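Here are my comments on the model you sent. They take the domains, then the ligand site, then the sheet.

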Amino acid sequence: MKVGFIGLGQMGRAMAGNLVKAGHEVTVWNRSPGRDEALVAAGAKRAATPAEAAQGDVVMTMLADDKAVEGVVFGENGIADAPALHVGHSTISPALADRLTQAHGGAYVSAPVFGRPPAAEAAKLFVAAAGPEEHLQRCAPLFEAIGQRVFPLGDKPSAANVVKISGNFMIMAAVESLAEAMALAEKSGVERAQLLEVLTGTIFGAPVYANYGAMLVEDRFKPAGFAAPLGLKDMTLVADAAAKARVPMPVLGVVRDHLLDAIANEGEDVDWAGVALAVRRGAGIR
Ligand code: NAP
């Protein structure tokens, strides 16, 4: 298939690479130059503008936030009127997904992903996909090239964005609770690693506890696999959606403040798991 790929950050580079490996004709575009070199060496074409990358069958976007997606779609040389079906993988607001659906005359699929850069490299992402059935079917071979499983969520694209931001809220809540339990254990003379071994070996066997727990035990907060400012962006998307839907989410306030604490104290380049450092500071550890 002729696929455009826009946004070659930590996630996009890996996803586009897997599309090339799967034999698709991939044309890439990124705002800053230089990030496409390995992809071009592997056989991808370089586009001069976003619109040029969107002349094939499908164009995928994997950009930082709402503002970046708006620029690439509605800005100069944007993809709003390009012929390719737009598949949005970025974590953006459900409201922007609704606007994109309208602007593309229905030719839009939201397909945000679960999984960090190593999962993207290994083509092991989970894809939450929503949009008209015919478009989802068209995308199936592309999703297969980047992920291990697709979760179809109906024909309204923004439903996938609601699922994605809800999931990210739960990741942050899990990391927060794990960090609080670890601080309690540590100050009581129990090693973090021991606590994690018991929890993940009994009733907390989910990947989120195992993977983030290992980061917390080993103090792996830099370089960031998922930078805290992007996590903060996601928690703000949750807050906006919750306010609109009139859903109180008190835990959200706690994790959002701890993300701000982590960014303020550790820098913009800390991983979002750095909320654990805010928790530790609060407990007088370090
Ligand atoms: P990243 O490494 O920071 O890459 C961000 C990408 O967006 C880069 O290509 C960047 O271009 C581009 N961009 C930023 N602002 C732009 C603008 N105004 N105009 C055009 N392009 C712009 O981020 P990432 O980790 O790949 O994440 C990408 C998306 O996936 C985000 O929505 C994130 O929330 C989501 N996500 C991330 C993870 C993860 O673990 N990392 C997992 C699931 C979902 P430049 O190269 O020019 O800066």
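1. The C-alpha centres of domain 1 and domain 2 lie 27 Å apart. This holds for a predicted model, as does everything below. The chain is divided into domain 1, residues 2-156, and domain 2, residues 161-282. Across the boundary, 18 residues of domain 1 are in contact with 19 residues of domain 2, with contact taken as heavy atoms within 4.5 Å.

2. Where does the ligand lie with respect to the two domains? Domain 1 (2-156) and domain 2 (161-282) both contribute residues to the shell around the ligand, so the ligand lies between them.

3. The ligand is surrounded by 25 residues. The closest of these are Gln10, Asn30, Ser32, Arg35 and Lys233. By residue class, the shell is made up of ten nonpolar, nine polar and six charged residues.

4. Several polar atoms of the protein can be listed against oxygen atoms of the ligand. For Ser32, a polar side-chain atom is 2.4 Å from a ligand oxygen. For Ala64, a backbone N or O atom lies 2.9 Å from an oxygen atom of the ligand. For Leu63, a polar backbone atom is 3.0 Å from an oxygen atom of the ligand. The ligand on its own has 900 Å² of accessible area, and the protein covers 86% of it.

5. Which elements give two or more residues to the shell around the ligand? They are helix H1 (10-21) and helix H10 (228-245). H10 provides the largest share of the shell, three residues. One of the closest residues, Gln10, is where helix H1 (10-21) begins. Another of the closest residues, Lys233, falls within helix H10 (228-245).

6. Turning to the sheet, six strands form an open sheet in the order E3-E2-E1-E4-E5-E6, and their pairing is parallel. Its edge strands are E3 (45-46) and E6 (108-110), each of which pairs on one side only.

7. Within that sheet, which strand is joined to strand E1 by five bridges? The partner is strand E2 (residues 25-29), which runs parallel to strand E1 (residues 2-6). In this pairing, Gly4 stands opposite Thr27 in E2.

8. For a figure, I would suggest one view of the ligand site and one of the sheet. The ligand view would show the ligand between domain 1 and domain 2, with Ser32, Leu63 and Ala64 labelled. The sheet view would show the strand order E3-E2-E1-E4-E5-E6.

Technical notes: Residues are numbered from 1 along each chain as its sequence is written. This is a predicted model: local features need pLDDT of at least 70, side-chain atom pairs count only at pLDDT 80 or more; totals for chains, interfaces and linings use all residues. Side-chain values use heavy atoms; hydrogens and water are left out. A residue is near a molecule or strand if one of its heavy atoms lies within 4 Å of it. A polar contact is a pair of N or O atoms within 3.5 Å; within protein, one must be able to donate a hydrogen and the other to accept it, and residues adjacent in sequence count only if both atoms are side-chain atoms. Accessible areas come from the Shrake-Rupley method with a 1.4 Å probe; for residues, only the protein chains shown count as cover. Helices (H or I, at least four residues) and strands (E, at least two) are DSSP runs, numbered from the N terminus. Ala, Val, Leu, Ile, Met, Phe, Trp, Tyr, Cys and Pro count as nonpolar, Asp, Glu, Lys and Arg as charged, and the others, Gly among them, as polar. Domain bounds come from an automatic or database domain assignment. Two strands pair if DSSP finds at least two bridges between them.
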